[in-house]
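Here's a walk through a protein model, with an eye on how its side chains pack and pair. Have the viewer open and click along.

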Amino acid sequence: MRYNNKTLLSLSAAALCVGMVSSASAATLDEVQERGELRCGVNVGLSGFSSPDQDGTWQGLDVETCRGIAAAIFDDPEAVSFTPLTAKERFTALQSGEIDVLSRNTTWTATRDNSLGLNFTATTFYDGQGFMVAKDLGVESPDEFDGASICIQSGTTHELNLADYFPSRGIEIQTVTFDTPDQTAQGFASGRCDILTSDTSQLSALRLQLPEPDSVEILETLISKEPLGPVVRQGDDQWLDIVQWSIFAMVNAEELGVNSDNVDDMQADPPNPQVARLLGVDGDYGEQLGLENDWAYNLISHVGNYGEVFASTVGEDSPMQISRGVNALWNEGGILYAPPVR
């Protein structure tokens, strides 16, 4: 095959682009490892997902996700710092490089995924927008909200969902917006609005903060799909894979019966090839990510599988008492599903 000057220039440009992509693809992992810690953006305070306890230690499902990623990289779940962010601040902090990953009850939508220079990784909690009302209000459905005022957090998909739902049904509402979930709950408690709307998981958390939690109820009707999960910057496929497969490892571990209590025994004597691959006994799946082959073992031994994390943060072992529902494994009546390690 003969090459002319134009062809050679094109090949040189292509090679340069490949080199640039290869260099960029390792940038975030290199920076994180050189820094010695993962920088994770979380909610300013949402019980069950990300909030500091009385000692100032961050707790919650989104927090444990970040600790899991840190454990996969460093074999240390504490090699992570948390940056509390409002809904308005979260995407800018990620775009600017202030944080490495955003793990902050953020809904995966087309616009966010396609136009912000960001990539959603995997869903860690399937949710939907609902409504919390005072029991003595006597309403059972959003179709009875005509003339009502609704407290809502600004900068969220919830505003758009209200605009989709109510006008099409000829229902007039008024919205009262706030910057943070706590402010929204306080507005509702003080009577600035009749109804509080958010993801049902967030409503469950905010309900616990009210002066009289038993005086309110969360309606059964949902008006949206809210798949929540971590977000990273576009242009770094290796980093996307690391965050994504850390989540998949937690889900696969639950499905395979691997947990923080038995992971040592499982690695020492894998009961089947799937467990052997997951825990780094067989294959080079960690090396493919740029990590050690026992990356998933480190994650599970320190943080646990998805079921353990769910139970302790928002589920049966937590004050939230949220049932697994659609967040159960695919073979247990839910829709939670992870690609196999093979």
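A quick bit of vocabulary before we start: a residue is called buried under 20% relative accessible area, exposed over 50%, and partly exposed in between. Keep in mind, too, that this is a predicted model.

**Two residues with positive phi**

Let's put those cut-offs to work. Q321 comes out at 52% relative accessibility, and since exposed means over 50%, Q321 counts as exposed. Its backbone is worth a look as well: phi of Q321 is near 55°, a positive value in a residue other than glycine. You'll find Q321 in the segment after helix 14 (306–313).

D75 is another residue to check for this. Its phi is positive, about 60°, although D75 is not a glycine. D75 sits in the loop between helix 3 and strand 4 (80–85). With a relative accessible area of 40%, D75 falls between the two cut-offs, so it is partly exposed.

**The disulfides**

How many disulfides does a search of the whole structure find? It finds two, and here they are next to each other:

| Disulfide | S to S distance | Torsion about the S-S bond | Handedness |
|---|---|---|---|
| C40 and C66 | 1.9 Å | about 50° | right-handed |
| C151 and C193 | 1.9 Å | about -110° | left-handed |

Take the C40 and C66 bond. It links distant parts of the chain, with C40 in strand 1 and C66 in helix 3 (residues 61–74), 26 residues apart. C40 has a relative accessible area of 0%, so it is buried. C66 also has 0% relative accessibility and therefore counts as buried.

Now for the C151 and C193 disulfide, with its sulfur atoms 1.9 Å apart. C151 lies in strand 9 (residues 149–153) and C193 in the loop between helix 7 (181–189) and strand 11 (195–199), so this pair ties together parts that are 42 residues apart in sequence. Both C151 and C193 are buried. If you number the bonded cysteines of the chain in sequence order, the pairing reads 1-2, 3-4.

**Around strand 11**

C151 also leads us into the sheet. C151 stands opposite L196 in strand 11, and two bridges join strand 9 to strand 11, which run parallel. Strand 11 has another partner: five bridges join it to strand 8 (residues 129–134), and these two run antiparallel. There, M132 stands opposite L196. How well covered is strand 11? Mostly covered, with five of its five residues buried.

**Aromatic rings**

How many aromatic pairs does the structure hold? There are eleven. A pair of aromatic rings is described by the distance of the centres and the angle of the planes. For F49 and F125, those values are 5.3 Å centre to centre and 80° between the planes, an edge-to-face pair. This contact links distant parts of the chain: F49 is in the loop between strand 1 (38–43) and strand 2 (51–52), whereas F125 is in strand 7 (residues 125–127), 76 residues apart.

Are these two rings buried or exposed? F49 has 1% relative accessibility, so it counts as buried. F125 has 3%, so it is buried too. Zoom out a little and you'll see that ring pairs link F49, F125, Y306 and F310 into a cluster.

F310 has a charged visitor as well: the charged end of R324 sits over the ring of F310, 5.1 Å from its centre. For another arginine over a ring, go to Y165, where R169 lies over the face at 3.7 Å from the ring centre.

**Helix 6**

Y165 belongs to helix 6 (residues 157–165), where T157, H158, N161, L162 and Y165 are buried. Why do these residues line one face of the helix? Seen down the axis of helix 6, the buried residues fall within an arc of 140°, so they line one face. While you're there, turn back to R169 and its place over the ring of Y165.

Conventions
Residues are numbered from 1 along each chain as its sequence is written. This is a predicted model: local features need pLDDT of at least 70, side-chain atom pairs count only at pLDDT 80 or more; totals for chains, interfaces and linings use all residues. Side-chain values use heavy atoms; hydrogens and water are left out. Rings of Phe, Tyr and Trp (its six-membered ring) pair if their centres lie within 6.5 Å; planes under 30 degrees apart count as stacked, over 60 as edge-to-face and the rest as tilted. Helices (H or I, at least four residues) and strands (E, at least two) are DSSP runs, numbered from the N terminus. Buried means under 20% relative accessible area, exposed over 50%, partly exposed in between (1.4 Å probe, protein chains only). A charge sits over a ring if NZ of Lys or CZ of Arg is within 6 Å of the ring centre and within 35 degrees of the ring normal. A disulfide is a pair of cysteine sulfur atoms within 2.5 Å. The arc is that of the directions from the helix axis to the C-beta atoms. Two strands pair if DSSP finds at least two bridges between them.
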